[in-house]
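Got your viewer ready? Load the model, keep the selection tool handy, and follow along stop by stop.

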Amino acid sequence: MITKIQPREFTRIGKNDCLYTSSKDLNTGTNTLPQSTPYLEIPSNCHISFNGFLSRLFSSSEHKYTQNPFSETSYEDISAPAIEIIQQVQELAESFGHNEINHYHIMLNAVNETLDFIGQYEAGELGLRDVSHESGVGYFKDCFTSEIFEKDEYREKFKEVLKETQNSLNEKLSQMPQAHVKEPKFADTLVKDIVFEKSTYSTGEDSVQIIDGFDIYTGTFNTNTKELKNFVKDLDMKIYSLYQVEDSSDKNRIHFPNYDDKAEKVISNLNKGTNMFITYDDSKIEPNSFVPSVIEAFKHSTGRFNPDNTEIIELNKNISMPFLIDKVNALRKDNTKNYILMFSQQDLIKNDDLDLSFFNENSQSDTEYTKIFKNTPPNVGLIVFDTKDSYLTALSKDVLFKAMKDTAEISIPVLTKEDVYNALSNSSYLKDNGISISKEALEKAVDTSTQMEGIFPEKTLYLLKKISQYYIDKSGEVKIGDVNEFIKESEHIFKKTGNESSIEIVFDTGKTLDDIVGKYNTKKEAENIVRQIKDNAIGTKGFLIYSQDGSVGAGRRHTAEVIAGEAKIPFVSINSMDFGTKDVDLFGGSAVSPEVAIRKLFSLVSTQAETNSHKAAVLFIEKFEYFSIGEMLSSEYHQKAMAQLIREMTNAGNKGLNIVVIGSVSDPSLLGDATTESFKFNNTIEVSSPMHNQSEREAILRYMIEDSSIKLAGSKANREELIQTMAKTLGGFSYIDLKNFVQKALSVATERGHKQVRKEDMIESYMRITTGRPNLDSIPKHEKELTTKHECGHAVTLQVMNNLMHKCGKDWMVPNAVNFITLDPRANYAGAMYHISDTNTRGSFENIFIDIICSYGGHSAEKAFYGMDGSWGITGDLDSATSTAEEMVTAMGMGYKTGKRSLANVFNEENFQRNITPKLREKIEDDVEVITRNALTASDMIVEYYADFINEFADKYADKVGTGDCLIDGDQFRKELAAWKAKQSPNKCAELEVLDNILLDIIAATKKGKLY
């Protein structure tokens, strides 16, 4: 028996959080509905009897196992995810009209699920961390590699394989006989495969075992049925191939002619039927450097393996044992052509977590791996790369020695600097990579790279890339003088240290002041610093940069890069965490004191500053609070480093250098006194937040939409209005939240098949970010109507009061307007009505009082139409109304009897009874009573007078509740309300005029502290 899924519990987000829906923004609906997610959420302890599973799902009545027929282990339970898989494949079989579930149904289910996941993964909605081990996605991830999802080039090929498999499975299933029965049974062979798969790794004779989702998938895909086995093997080979076979066209390798003689011997041996081992010293050689010579030698081969009849297959660093063995066996069956197969035994051992000790020295039996050497197909030649040590160790194992004794070995010599220079001089590599350098400069660069840690040719190519980046704006070739200057200025980075430097130098960030968007004050501060740099007037000083809202991704580093880019000076960055390990040199290698580390750092920055006319550079220190966290908390190491930094800044200033040190902090209050008292870091740069500034949110939205090449639907005026509306709606969103919103809107539009992003796509994006996807569970008709009328009650009360205040012509009285209504259940509510600010952003009495009227709108509708005098659905509404009324009286001075005094702090203290007299407390309660009761009276009257409109609204929208497409825009709601009023009789219009006057009287009475 499957346990009924219970609703998820959600924590309501508070007013002070970055992403929140306050009482002014949201009125929740009447009922909390069960939630559904992309993956069925069944409690982990929910199981059904496995014996029952067999008896219910095993198709042959004579087979009713109470025990696993392949072992003594009893399987009594089946996990919740496995139950979900069973339900899914039953529905899949029913859709084909099948009365029996077979392996192909489960395979198709896994493929469908994985394709769906990839779509959500690419949209940024799900990540691999969300993948369950017991899912179809989990099966492919665990059996192959997570890289088929993570890497774009692999994922695209993987999708093609899945779609091809999907079509093949659909075709196979469509050709099977149809019976059209409900709850199809599992085929005998399928259940046997699942149970057998479980038995192969179960432990404990008496322990109770659970069949889980992974058992179902592995049992299905590991079947021994011949036709199925061939189908699965073909699928496995396709997936393995997409990430284990190297695409030679993507290789950008240099041909070293000094390897050619050895490469010719390799091809010659292959033509004689001898497989080859290429050994090398992995501390000095990169084996890939030998491959171009092999390919070149093969081009001139006239033997058994030649360009006319042979294909070279290079397996990359992802090689696995199963694929290698299956690949060789597959090539064995191909009698149309020959193959040269190249792979690294080192990568094979590493990827399969093997050790050469797994070949028992005294063992006489062959393994599948050794068989490919002893019995290599006649149309296949093997080239195996391995380190010298590993190869000799392998030969010491008896089984491997017998397999490899007929192979030949060639060892690759170490490249010299002359080899590297000659190869680079005579190849197109430099030209193809946009590196223009004279022969003398190239020779100098190659010679200097010998002092670097690493191996040839990689370290030389790394140095050339750095030089090319440094002189990117230089016209003509890089000369030897340029290389000498670069080496002198960068000696600390490129000297041999044992580890690559943790310092990052960018000579031109390419960013300007125009790249600071939606942050007016931050831009003005950056502009001021740039002006001082260009005037050579800033000196060496420190700035603390922090985000106004404390959010991650606010743009602290970006702002520092803009300052450097606009001033056209070098940008040097370091993370303070690199100073965090005592006695570890941030440049790598030897242990040094913190004073020496800082001295090295500033020497580097000073050298870069001296190269430009402004004698300036920006030093950006990430996580500066860890560098100067306060004397009571920081270590002696940190304190010494901070003291040395201040000394170096003083020295640089005395030399006339303009070094701008920008320390990025999350909380400036964490900094110690030594930092601020030195006057070196008494300047601040605040990265302003768009959370509370609508114009900044508008600017950021425009920039992000344009930067992402997103097309908005509608005319230019409509698009601008949409951006303004969403900027209002997204109050409380940080910069990174806005970026996420824009990408989510594009994802929603794509999901819905819209070529241009529409307003409803943006609203749906906002809803998904704040409350999640809609729940599409079945909802009873009466609950649909109740939810619709409840939310319409909120909307009508708000919009009627909004219209009335506009008619009064006093903008400061105007309350919020209806932004949109959602009638699809999400999170922990059944429906919601969202507000948006109108002309008034300052809270007047009328403005705030109308908020309370609106809060009661849902209750008034429930009472008027259903006689409900209170419900679970209005708890949030009542809390909002009561707390707002109390704030009006105790904090805003709006209580008639309480008067113009602020009691908020006292009132909220636990001991307020000692600080507020009984008489004052009575006045507070009287004022709150008048406000709440009069607001409820106004709400009840609006719902009564507009009851016919609410009924029409429910008739139109109730049936759409829970469909995932029930969102009413505020403009549409106002049109419908206006259209309803326009068709009313003169008598009804007169009644509505009377209502308006009564509502004004209620407001006036409330201000005077009188009950209406």
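Start by selecting Thr 822 and Ala 832: Thr 822 stands opposite Ala 832, which is in strand 19. Helices (H or I, at least four residues) and strands (E, at least two) are DSSP runs numbered from the N terminus.

Before you go further, know that this is a predicted model, in which local features need pLDDT of at least 70, side-chain atom pairs count only at pLDDT 80 or more, and totals for chains, interfaces and linings use all residues. Numbering starts from 1 along each chain as its sequence is written, and side-chain values use heavy atoms, with hydrogens and water left out.

**Stop 1: strands 18 and 19**

Now widen the selection to residues 817-822, which is strand 18, and add strand 19; the two run antiparallel and are joined by 5 bridges. Strands count as paired if DSSP finds at least two bridges between them.

How many of the residues of strand 19 are buried? In strand 19 (residues 832-836), 5 of the 5 are, so the strand is largely enclosed by the rest of the structure. Buried means under 20% relative accessible area, exposed means over 50%, and partly exposed is in between (1.4 Å probe, protein chains only). In a regular strand, side chains alternate between the two faces of the sheet. Colour Ala 832, Tyr 834 and Ile 836 one way and Met 833 and His 835 another: these are the two sides of strand 19, and both are covered.

**Stop 2: zoom out**

Show the whole chain for a moment. You're looking at 42 helices and 20 strands. The chain has 1012 residues, and buried ones make up 51% of them. Its accessible surface comes to about 46800 Å², with 47% of that belonging to carbon and sulfur atoms; these areas come from the Shrake-Rupley method with a 1.4 Å probe, and for residues only the protein chains shown count as cover. Among contacts (heavy atoms within 4.5 Å) between residues at least 6 apart in sequence, 79% join residues at least 24 apart.

**Stop 3: strands 14, 15 and 16**

Select residues 616-622. This is strand 15, mostly covered, with 6 of its 7 residues buried. Add residues 571-575: that's strand 14, running parallel to strand 15 and joined to it by 5 bridges. For one pairing, click Val 572, whose bridge partner in strand 15 is Leu 619.

Then bring in residues 658-664, or strand 16, which pairs with strand 15 in the parallel sense over 6 bridges. Here Val 618 has Val 660 in strand 16 as its bridge partner.

Next, pick Phe 624, which belongs to helix 26 (residues 624-627). Phe 624 counts as buried because its relative accessible area is 0%. Measure across to Ile 545 if you like: the two are 79 residues apart in sequence, and 9.4 Å apart in space from C-alpha to C-alpha.

**Stop 4: a buried acid**

Go to helix 7 (residues 188-199) and select Asp 193. Which side chain of opposite charge is nearest to Asp 193? The answer is Lys 192, 8.8 Å away, and Asp 193 is buried yet has no salt bridge. Lys and Arg count as positive here, Asp and Glu as negative, while His and the chain ends are not counted. A salt bridge is a side-chain nitrogen of Lys or Arg within 4 Å of a carboxyl oxygen of Asp or Glu.

Leaving aside residues up to four places away in sequence, Asp 193 touches His 103, Gly 219, Thr 223 and Asn 224.

**Stop 5: some salt bridges**

The structure holds 43 salt bridges. Try Lys 238 with Asp 234, where the closest N and O atoms are 3.3 Å apart. Both sit in helix 9 (residues 226-244), 4 residues apart, about one turn of the helix. Lys 238 is partly exposed, at 29% relative accessible area, and Asp 234 is partly exposed at 40%.

Move on to Glu 477 and Lys 479, whose side chains meet in a salt bridge at 3.4 Å, N to O. Last, select Arg 758 and Glu 760, with a salt bridge at 3.8 Å, N to O. To finish, highlight Glu 125, Glu 751, Arg 752, Asp 761, Glu 764, Arg 768, Arg 773 and Arg 826: salt bridges that share partners join them into one network.
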